[in-house]
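Me: I have a structure open and want to learn to read it feature by feature. Can you take me through it?

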Amino acid sequence: MDHFEIAIVGAGISGLMAATYLAEKGKNSVLFDKGRGPGGRMSTRRFGEFRLDHGAQFFTVRDPRFEKYVQSWEKAGVAKIWCKGFSGTGDGHPRFRGTEGMNSIPKWLAGQLDVKTGHKVKSVRFVNQSWHLDFEESPSVSADQLLMTSPVPQTIALLEAGRVELSTSTKNYLSLISYDPCIAMMVLPKDPLSMPEHGGWQINEEPLQFVADNQLKGLPNPGQALTIHLGPQASTEHWESEPEKLIELVRGELRERGKELDIKDIQIHRWRYSQPARLHDESFLVAEGVPNLVFAGDAFAGPKIEGAALSGLSAAQAMIA
Ligand SMILES: Cc1cc2nc3c(=O)[nH]c(=O)nc-3n(C[C@H](O)[C@H](O)[C@H](O)COP(=O)(O)OP(=O)(O)OC[C@H]3O[C@@H](n4cnc5c(N)ncnc54)[C@H](O)[C@@H]3O)c2cc1C
């Protein structure tokens, strides 16, 4: 069985930043992700000849620790400023995006790390003082230390599958965390919808939360391809709704706002864990009851890309302290 010093479940931004920090400190780690590529919710999807960001749309930067990394991403040409606010002349605060879509950034980070995509973990077990990861389609591996960055309900399921006995307080902390769902609709319109010049329309209401024109945003597309996010309430209410019902809802909403949307083609993605609604109040969590197990992700340091990145950095720092 392959053995590693540090294994990380999840190659979203929190896992990638943890591994980046560890590498800077001369520590090797290996990341396992079930996805076809890295990035998790920083995801860009192909739809025919179009590319669409269908998870996170942009990110902001407040903490100097995160700023340092974002500057290195800009220098590497994988991140750039999208705009400085979505309404009117903006609020002057930069919103960043990946150069060719949000996943430009995780792809670049993963290129410098040991990332094994297409590895769906089905259970984690603590055996003979080491962590064992069992996969759906590859041989199990073991590690001295384990960092879990999958959305917390998925992490709990993996621990339960491996019969890991956490302390009551750790279980309680984890069980308090919850996430909002988000229905994302990727639309190729028959005729372009009128959109702000920068391509971002932040509505932040129900049922519509955000509409993005991926071409105006700067993705290399031959025409308009829209990402439409429903708000948490509408996403919950319509979780099981058929595409026709969702289309009717969105077209009706847009019509009320003076816009007519005729659809040439559409794909729908349902994010069960889109952004945490109830967070843990520390930037990571060290498990009690078992050794060398740490939890990180956006449910720990803020429900956004910056929070997820900072959570990964803090967790990694603690793991090698
Ligand atoms: C629709 C939507 C819109 C958003 N908008 C914004 C925004 O505009 N700005 C912003 O800052 N943030 C936004 N966010 C939130 C942001 O995307 C997240 O906070 C951040 O990307 C979370 O990173 P993470 O590493 O914690 O988790 P994730 O990105 O979810 O990474 C976890 C990884 O774990 C992997 N995984 C899960 N289970 C397993 C398993 N069994 N085996 C192997 N791997 C597994 C997943 O494949 C995933 O890659 C949005 C999110 C969504 C979904």
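Reply: Start with the shell around the ligand: it divides into 11 nonpolar, 15 polar and 6 charged residues. Here Ala, Val, Leu, Ile, Met, Phe, Trp, Tyr, Cys and Pro count as nonpolar, Asp, Glu, Lys and Arg as charged, and the others, Gly among them, as polar. This is a predicted model: local features need pLDDT of at least 70, side-chain atom pairs count only at pLDDT 80 or more, and totals for chains, interfaces and linings use all residues. Residues are numbered from 1 along each chain as its sequence is written, and side-chain values use heavy atoms, with hydrogens and water left out.

Me: How many residues surround the ligand, and which are the closest?

Reply: The ligand is surrounded by 32 residues, the closest being Ser14, Asp33, Arg41, Phe58 and Asp298. A residue is near if one of its heavy atoms lies within 4 Å. Strand 15 gives the largest share of this shell, 3 residues. Strands are DSSP runs of E, at least two residues; helices are runs of H or I, at least four; both are numbered from the N terminus.

Me: Which ligand atoms do Ser14 and Phe58 approach?

Reply: A polar contact to the ligand is a pair of N or O atoms within 3.5 Å. A polar side-chain atom of Ser14 lies 2.7 Å from a ligand oxygen atom. For Phe58, a backbone N or O atom lies 2.7 Å from a ligand nitrogen atom.

Me: How do I read a pair of packed helices?

Reply: Use the angle between their axes and the distance between the axes. The axes of helix 2 (residues 64-75) and helix 10 (residues 305-319) come within 10 Å and cross at roughly 100°. Axes are lines fitted to C-alpha atoms over the stretch in contact, and angles run from 0 to 180 degrees between N-to-C directions. So helix 2 is roughly perpendicular to helix 10, a label for 65 to 115 degrees.

Me: What about backbone oddities?

Reply: Most residues other than glycine have a negative phi, and most peptide bonds are trans. Gln129 is not a glycine, yet has a positive phi of about 65°. Gln129 lies in the loop between strand 8 (121-127) and strand 9 (130-135). Glu206 and Pro207 are joined by a cis peptide bond, with omega about 0°.

Note on methods:
Angles under 35 degrees count as roughly parallel, over 145 as roughly antiparallel, 65 to 115 as roughly perpendicular and the rest as oblique. A polar contact is a pair of N or O atoms within 3.5 Å; within protein, one must be able to donate a hydrogen and the other to accept it, and residues adjacent in sequence count only if both atoms are side-chain atoms.
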